[in-house]
Amino acid sequence: LPPWTRFPSNLQWSFSFSAMALLELVDKYVEVWNTKDASELQTLHAQSSCVKLADGTEFGPTSADVGKGWVERWAVDSVGRELVDVFTCKGSSVCLVWTRATGAEGSSAVQYLDVMEFDEEGLVTACRGCAAMPDSDLAPQLKPLVAKYLETWTARDAAELQKLHAPTSCAKLVHGVEFGPADADIAKGWAERWES
């Protein structure tokens with residue numbers, strides 16, 4: 001398996017999806033998102049769900065709030081999204097989604113990374129924007145960098161993981177746990193988390 005689909009065997013979730021099932025869920029989400037149909041998008045969210053964009057904008061804590069938030073956002077930002085790749089972790093209901101903006105002049109110069117989490121029914125419980133970045137010569141290098149990060153994380157190598165972070169950086173986990181504001185804090189945080 002590619003490095004981004006491997007996970008330590010002792011890590012367990014109460015439920016999980018296959019990589020193919022996650023890809024189908026994400027593909028459907030992006031397809032509906034591009035129609036700008038808020039009521040249809042709401043049906044893809046769990047009743048209790050939230051969206052946090054890379055710029056800090058938040059919608060939630062209900063699917064109705066998410067739909068309303070996207071309507072307001074689409075009023076000022078009507079670009080579409082093209083799915084580039086989905087990174088999955090075996091035995092998980094969480095994935096990293098890489099998309100590229102489409103449809104407006106200059107919009108193809110922006111790419112997005114989002115972490116999406118799904119419940120047992122395949123509904124989105126959380127979507128967190130990690131980054132919105134310009135498309136540049138570095139864009140083709142993104143996939144191997146993400147793969148390297150996930151491979152290093154899977155190996156539980158805190159020292160190597162620290163090298164992959166900027167000196168001032170942070171990590172925010174799904175359940176509100178945060179490591180930072182320095183790369184050493186992230187390495188220490190993960191090392192402690194792996195031991196527990």
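Where do lysine 163 and glutamate 160 lie, and how many residues apart are they? Both are in helix α5 (residues 158-163), three residues apart, which is about one turn of the helix. The points below concern a predicted model.

1. Overall architecture. The secondary structure of the protein chain comprises six helices and eight strands. Read from the N terminus, the elements follow the order α-α-β-β-α-β-β-β-β-α-α-β-β-α. The chain thus opens with two helices and ends with a helix.

2. Burial and surface. The protein chain has 196 residues, and buried residues make up 41% of them. The exposed surface of the chain comes to about 10600 Å², of which carbon and sulfur atoms supply 54%.

3. Contacts along the sequence. Among contacts in the protein chain with a separation of 6 or more, 46% are between residues 24 or more positions apart. A pair distant in sequence can be given by name: alanine 147 and phenylalanine 87 are separated by 60 residues, while their C-alpha atoms are 8.4 Å apart in space. Alanine 147 belongs to helix α4 (residues 142-154). The relative accessibility of alanine 147 is 8%, so this residue counts as buried, the cut-off being under 20%.

4. Salt bridge in helix α5. A search of the whole structure yields six salt bridges. One of the pairs is lysine 163 with glutamate 160, whose closest N and O atoms are 2.8 Å apart. As stated at the outset, both partners are in helix α5, about one turn from each other. Lysine 163 is exposed, at 62% relative accessibility, whereas glutamate 160 is partly exposed, at 30%.

5. Salt bridge in helix α6. The side chains of glutamate 192 and lysine 188 also meet in a salt bridge, at 3.9 Å from N to O. These two residues are four positions apart in helix α6 (residues 183-195), so about one helical turn separates them. Lysine 188 has a relative accessible area of 52% and is therefore classed as exposed, since the class begins over 50%. Glutamate 192, with 46%, is partly exposed.

6. Salt bridge between lysine 52 and glutamate 58. Here the side chains meet with an N to O distance of 3.9 Å. The distance falls within the 4 Å cut-off for a salt bridge. Lysine 52 counts as partly exposed, its relative accessibility being 30%. Glutamate 58 reaches 56% and counts as exposed.

7. Negative surface patch. Which residues form the negative surface patch? Its members are Glu24, Asp27, Glu31, Asp37 and Glu40. Helix α1 (residues 19-35) makes the greatest contribution, with three residues. Glutamate 40 is placed in helix α2 (residues 38-42).

8. Accessibility of glutamate 40. Is this member of the patch, glutamate 40, partly exposed or buried? Glutamate 40 has a relative accessible area of 32% and is partly exposed. Patch members must have over 30% relative accessible area, so glutamate 40 meets that condition at 32%.

Terms used
Residues are numbered from 1 along each chain as its sequence is written. This is a predicted model: local features need pLDDT of at least 70, side-chain atom pairs count only at pLDDT 80 or more; totals for chains, interfaces and linings use all residues. Side-chain values use heavy atoms; hydrogens and water are left out. Patches are made of residues with over 30% relative accessible area and no salt bridge: like charges are joined within 9 Å, nonpolar side chains (Val, Leu, Ile, Met, Phe, Trp, Tyr) within 5 Å. Accessible areas come from the Shrake-Rupley method with a 1.4 Å probe; for residues, only the protein chains shown count as cover. Lys and Arg count as positive and Asp and Glu as negative; His and the chain ends are not counted. The place of a charge is taken as NZ of Lys, CZ of Arg, CG of Asp or CD of Glu. Buried means under 20% relative accessible area, exposed over 50%, partly exposed in between (1.4 Å probe, protein chains only). Contact means heavy atoms within 4.5 Å.
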